[in-house]
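Student: I have a structure to read and do not know where to begin. Could you take me through some of its features?

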Amino acid sequence: MKRILSALVLIPVVVRLVLVSPDWALYFALALVGLAAFREFDAIAAAQGLEPAGIPGMAGGLVFLLTPEPALPVLVAITLVLMVLKLRLDDFSKALAGAGVTVLGWVYIFGAWRCAAALREINSHWLMIALLVSWVGDTAAYYVGRAFGKHKLAPVVSPAKTWEGAAGSVIGGIAAAGVYAHFLIPSAPLAAVLATGAAANIAGQVGDLCESAWKRGANVKDSGTSLPGHGGWLDRIDSSLFSIPVVYGILKLTLAYPWW
């Protein structure tokens, strides 16, 4: 019940942010959720004995998110600053791994959020599809897995997931993308929409497994407790952090090399 109530509150807010809110509101929301998710990511890293990034890491991620294009030089610059800051550690054996996991968090969370903002600039409905394929896919995977799941997908990483549930997730994601695009992006060819929906859903499922592996390595069930029924913010957005860059990448490629 808590999970359903949380979803009923969050989904309308996200839909409004994506489709009708001004740019500053979207960036503000991306910044808040990104910082919360990075903090949880940092805690998972610390639980595995890695040097946490702390406030400097969160500040670096925020700079990366909010810097206008081209952002790559900024990412390189803040990475170099991070390396210098690691020289202050008492235990230098943690410096390299700590710096590496911080940069991973920047790219993984704030890099995906940059893709979300850029995707909205192209077409807000495509950003909605990138989110929708994960939302619907998660629900479809749950019910299909409960009804028909027999073959474990990744028993060591996530014992409850099955190949049947994964297939149901892909089908649900494809169907959601097709229906949404039919009404709100009618100019997009159906084959392109379905292919993009499938790729985004599969990427989202991989993203979910990656976060599950990190949590298992840290011996924690959830990344946090901020969202009743969902765990932490990172638990809620782990699929979207993979699906959004995939949709953005596909659209950028098709704009450069049109295939529809």
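Student: Is Asp208 buried or exposed?

Tutor: A residue counts as buried when its relative accessible area is under 20%. Asp208 has a relative accessible area of 15%, so Asp208 is buried. Keep in mind that this is a predicted model.

Student: Which residue does Asp208 meet in a salt bridge?

Tutor: Side chains of opposite charge can pair when their charged atoms come close. Here the partner of Asp208 is Lys161, with N and O 2.8 Å apart. Lys161 belongs to strand S2 (residues 158-162) and Asp208 to helix H8, so the salt bridge ties together parts that are 47 residues apart in sequence. Lys161 has 28% relative accessibility and therefore counts as partly exposed.

Student: How many salt bridges are there by this rule?

Tutor: The rule asks for a side-chain nitrogen of Lys or Arg within 4 Å of a carboxyl oxygen of Asp or Glu. The count by this rule is 6 salt bridges. One of them joins Asp23 and Arg120, whose closest N and O atoms are 2.9 Å apart. That pair links distant parts of the chain, with Asp23 in helix H2 (residues 23-47) and Arg120 in helix H5, 97 residues apart.

Student: Is Arg120 buried or exposed?

Tutor: Arg120 is at 12% relative accessibility, so Arg120 counts as buried. Its partner Asp23 has a relative accessible area of 49% and is partly exposed.

Student: Where do the side chains of Arg236 and Asp138 stand in this picture?

Tutor: The side chains of Arg236 and Asp138 form a salt bridge, 3.5 Å from N to O. This pair, too, links distant parts of the chain: Arg236 is in helix H9 (residues 233-237) and Asp138 in helix H6 (residues 124-148), 98 residues apart. With a relative accessible area of 30%, Asp138 is partly exposed.

Student: Which residues are linked in a network of salt bridges?

Tutor: Glu211, Lys215 and Asp235 make up such a network.

Student: Next, empty space. How much of it lies in the second largest pocket?

Tutor: Rolling a probe the size of a water molecule over the atoms shows where empty space is left. In this model the second largest pocket holds about 230 Å³ of space. It is lined by 13 residues, and the closest to its centre are Glu69, Arg114, Cys115, Ala118 and Tyr248.

Student: Which helix gives the largest share of that lining?

Tutor: Helix H5 does, with 6 residues. Helix H3 (54-66) and helix H5 (95-122) each supply at least two residues of the lining. By residue type, the lining of this pocket divides into 8 nonpolar, 2 polar and 3 charged.

Student: Where is Phe110 found, and is Phe110 buried or exposed?

Tutor: Phe110 is found in helix H5. The relative accessible area of Phe110 is 0%, so Phe110 is buried. Sequence and space are separate readings: Phe110 and Leu66 are 44 residues apart in sequence and 9.2 Å apart in space, C-alpha to C-alpha.

Student: What are the two separations for Gln205 and Glu121?

Tutor: Gln205 and Glu121 are 84 residues apart in sequence and 25 Å apart in space, C-alpha to C-alpha. Gln205 sits in helix H8 (residues 190-218). With a relative accessible area of 18%, Gln205 is buried.

Student: Which residues form a nonpolar patch on the surface?

Tutor: Leu72, Val76, Leu80 and Met83 form the patch, and together they have about 400 Å² of accessible area. Met83 lies in helix H4 (residues 72-85). At 47% relative accessibility, Met83 counts as partly exposed.

Student: Finally, the backbone. Which residues does a cis peptide bond join?

Tutor: The cis peptide bond joins Glu69 and Pro70, with omega about 0 degrees. Pro70 is placed in the loop between H3 and H4. Glu69 has already come up, as one of the residues closest to the centre of the second largest pocket.

Student: Which residue has a positive phi although it is not a glycine?

Tutor: Asn219 does, with a phi of about 60 degrees. Asn219 lies in the loop between H8 and H9. At 71% relative accessibility, Asn219 counts as exposed.

How values were computed. Residues are numbered from 1 along each chain as its sequence is written. This is a predicted model: local features need pLDDT of at least 70, side-chain atom pairs count only at pLDDT 80 or more; totals for chains, interfaces and linings use all residues. Side-chain values use heavy atoms; hydrogens and water are left out. Patches are made of residues with over 30% relative accessible area and no salt bridge: like charges are joined within 9 Å, nonpolar side chains (Val, Leu, Ile, Met, Phe, Trp, Tyr) within 5 Å. Accessible areas come from the Shrake-Rupley method with a 1.4 Å probe; for residues, only the protein chains shown count as cover. Helices (H or I, at least four residues) and strands (E, at least two) are DSSP runs, numbered from the N terminus. Buried means under 20% relative accessible area, exposed over 50%, partly exposed in between (1.4 Å probe, protein chains only). On a 1 Å grid over the protein atoms alone, a cavity is a set of points where a 1.4 Å probe fits but cannot get out, and a pocket is an open set with protein on both sides within 12 Å along at least five of seven lines; lining residues have an atom within 4 Å of a point. Grid points are joined across faces, edges and corners, and a volume is the space filled by probe spheres set on the points. Ala, Val, Leu, Ile, Met, Phe, Trp, Tyr, Cys and Pro count as nonpolar, Asp, Glu, Lys and Arg as charged, and the others, Gly among them, as polar.
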